[in-house]
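Please open the model in a viewer and follow the selections below in order.

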Amino acid sequence: MGFTPSHADPSLYILNDPVLGFILVYVDDLIIAAKDDETMAQIKKELMSRFPMTDMGELTNYLGIEITRNTATKTISLSQASYINAILREYHMEGCSPVQTPLPQEHGLTDPAVGNSCESPEEFPRMVGSLMYVMVGTRPDLAYPMSALSRQLAPGRATQEHLDQARRVLRYLKGTIDKCLVLGGVTPPVLTGYSDSSWADDHTDRRSTQGYGFTLGSGLISWRSTRSSAVALSSCEAELYAATMAAQEAQWLMYLLEELGYLLGPAVLKCDNSSVIHLTEEPKFHRNTKHIHLRHFFIRELVQQGRIVMQKVPSDCNVADLFTKALDRK
């Protein structure tokens, strides 16, 4: 039919020259997008002539994600309210009292595991898996809590405190079930990323927690929070690890957007550490950085190629609030 698989995401098929339509495949569930109604009708006609298919009409639900389009504001809202209600019922917490934050400030999840064994050791990994799908789909505000909880999934590691913290996340979702992720809007579509790191905050192995978030226009399209793969000897080094991870994601997002027909120019990556910005622009401070593995300077190559522009985060910008601010009420 003239479609070719995307190099960035082989589940995505593109009708090129010029870009006329897309087919996104997940097993036997397809999303079809087209430039105009005529192209859409032709794609559906050809597909249905080859395979037994059901036309579900305009996209309103996909893999448990509820989708609402607002043509007036040019936005798309993504919500998993029905899925959240389902997991609340599964764990008998539909009547629980909501809390305002997914984790307390002093949560202890990065401390060495101590305390009573988990009363239901098989329930904890199932609960974390259920919550993980919410975080991946529509809730960037759960990125850090799920990263911290996932570190306790090894058999025999989870304690009763860990299970209680996972239940607290469910209580948080109970109070924010009407939150949704809003994409689009009238803001110019500039790919902008934010990276940050909390130096040596894991008290077990002293690795850092690092994360990033990317916006396209006014919506948050990509996010991640994870533990660093190496121990950083300084806050600058920890921030460099986070920025490099963000640069890898930026490179992939740019590849994907270019295939979709968007030539947006260089991505902007914002960091709150001036030393990291200097390190990515020129190889100074060699004496203090020669122990850092070369792969963490991948970001410098992208900066020199003009693929990424590094910027200092404004003093009035709290990077940690980025994920929460991306959400709106339904």
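Begin by selecting Leu269 together with Met310, its bridge partner in strand 13. The model is predicted, with local features requiring pLDDT of at least 70 and side-chain atom pairs pLDDT 80 or more, while totals for chains, interfaces and linings use all residues. Residues are numbered from 1 along each chain as its sequence is written, and side-chain values use heavy atoms, without hydrogens or water. Strands (E, at least two residues) and helices (H or I, at least four) are DSSP runs, numbered from the N terminus.

Next, extend the selection to strand 12 (residues 267-271), which runs parallel to strand 13 and is joined to it by five bridges; two strands pair if DSSP finds at least two bridges between them.

Helix 6 (residues 235-259) packs on the sheet. Its contacts (heavy atoms within 4.5 Å) are with strand 9 (191-198), strand 10, strand 11, strand 12 and strand 13. The direction of helix 6 makes about 30 degrees with that of strand 10; axes are lines fitted to C-alpha atoms, for helices over the stretch in contact, and angles run from 0 to 180 degrees between N-to-C directions.

Now display the whole sheet: five strands in the order 11-10-9-12-13, open and with mixed pairing. At its edges, strand 11 (219-227) and strand 13 (308-312) each pair on one side only.

Then select helix 4 (residues 143-150), which lies across strand 10 (209-216) and strand 11 and runs at about 25 degrees to strand 11.

Finally, move to Leu30, located in strand 4 (residues 29-34).
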